[in-house]
Amino acid sequence: MRVQRAVVVPSPDRDDERTGVIIMIFMNENHIVRPTSGASAGELAAQLRGTRTHTSLLTEDLSTRQLMGPMLPIVNPILWEIGHVGWFHEYWTLRRAHADAPLLDRADLLWNSSTVAHASRWDLDLPDRNGVFRFLSDVLERQLERLSGGIDVPTSYFYELSIRHEDMHVEAMAYTRQTLGYARPENLGRPVAHGAEDWPGDVEIPGGAWRLGSSRGDGFIFDNEKWEHEVTLAPFCIAKSSVTNAEFAAFVEDGGYRSAEFWSSTGWEWRKRTGAERPVYWLAKDGGSWSWRHYGKTAQLAPHAPVMFVNWYEAQAWCNWAKRRLPTEAEWEAAALGEPDAARSRLADKKRRWPWGEAPETPDHANLGFAFDGALDVADCAAGDSAWGCRQMIGNVWEWTASDFVPFAGFTADPYEDYSQPWFSTRKVLRGGSFASSARIARPGYRNFFTPERNDVIAGFRTCAL
């Protein structure tokens, strides 16, 4: 089943399941190893309810017309997407793991994203609004009934997969509302208050061996993270925070969008084709300050918040203008999770679980899971600093890296075969998660991936010195 990357943030995660027992599924076929978090049936039920609450808050206030929306290549009809979320849960947990019969006979014809062409999703004979929401509710009720009897390890894997899939669509529905100019969703998080100011400067990361990727002890992971393998890093300097609106505005005001010298050939072609003169939701400057369209309203652009809704081409152009560069994903991961050795001259062997250490995330550590309803200033969340002093490497905004989305050596697809392999070598890797990402998705090892022209996702970037 192929997920359209237009709707997935892609986006895996981990929350308090980190404190659970790590269990691995050993399958005979191809000797595949599929770790799980060790979450109990009760914990999985709570996760199902939690992610469904976010789905409901993002969709139930929309009119029937809004739930369909216009046909655009970067979004799905939200009504279709709701049904697809339910279908994915049902397919992998109820039908595959429990061998139940389908709840709706024609579900595969409506919501299998591998076989239902994107452009056709506005023309399908979908159930009406009540019918789609009822299907979603019926699937959850059946899952909760099944979980009430306990769960075995192989079945747990598919529940964890389907929960993370809904997490991805939750984030996608949040930025779809932004794309379509719908009203700001209510009750999703505390309002953002700006005033924390900037967090400027670089930190030095010593070179050494780094183990890139995820390990068998990391709980549930996706196939493209397998397996941890050693790479060698030269010393580098990386920014303590992501690029701010004020920093990006200087590039815009200096004519950066009109100077081909700062853009790659493909980036310049994108800029000419789209006519971009500034980030997609920024409005023409009026007076002394910038504003932007935030959902359906105009708002002042917070100068010290991270620039977001910029694509890889825009990030790369800013870097060329500023005489900086994007980090590789290995550099990003070392800056987020690495520690210095005793002499502070090399990377230590230890890899932290989170940038701040082993403790589960809180809103003091990271802006995740709609703890706040938007991006905080880059100096916020000081408790989440990495060993080097890099801030907000988890949450707030996804961060583009220089790396192509390619498989690690020995890659083997997991049961959801279309999750990674159709997209290799056509996407760029992003790391770290956004304010709309669950902690399950925003694990430091999670490799998000989008095409370089995508500027509708909640993405910004941090940079390295040349």
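**View 1. Helix H10 and its buried residues.** In H10, the buried residues (buried being under 20% relative accessible area, exposed over 50%, partly exposed in between, with a 1.4 Å probe and protein chains only) are Glu329, Ala330, Glu331, Trp332, Glu333, Ala334, Ala335, Ala336 and Leu337. That makes nine of the nine residues, so H10 is largely enclosed by the rest of the structure. This is a predicted model, where local features need pLDDT of at least 70, side-chain atom pairs count only at pLDDT 80 or more, and totals for chains, interfaces and linings use all residues. Residues are numbered from 1 along each chain as its sequence is written, and side-chain values use heavy atoms, leaving out hydrogens and water.

**View 2. H10 over the strands.** Here helix H10 (residues 329–337) lies across strand S10 (398–404) and S11, at about 135 degrees to S10. Helices (H or I, at least four residues) and strands (E, at least two) are DSSP runs, numbered from the N terminus.

**View 3. The open sheet.** Four strands follow the order S12-S11-S10-S13, with mixed pairing (two strands pair if DSSP finds at least two bridges between them). At the edges sit S12 (448–450) and S13 (459–460), each pairing on one side only. S11 (residues 428–431) and S12 run antiparallel, joined by three bridges; look for Val429, whose bridge partner in S12 is Phe449.

**View 4. Helix H3 and its kink.** H3 (residues 78–97) has 20 residues and spans 27 Å from first C-alpha to last, close to the 28 Å expected at 1.5 Å a residue. A kink of about 35 degrees is centred on Glu90. Just after H3, Ala99 adopts a positive phi of about 60 degrees.

Key: The expected span of a helix is 1.5 Å times one less than its number of residues. The bend at a residue is the angle between axes fitted to the seven residues ending there and the seven starting there. Contact means heavy atoms within 4.5 Å. Axes are lines fitted to C-alpha atoms, for helices over the stretch in contact, and angles run from 0 to 180 degrees between N-to-C directions.
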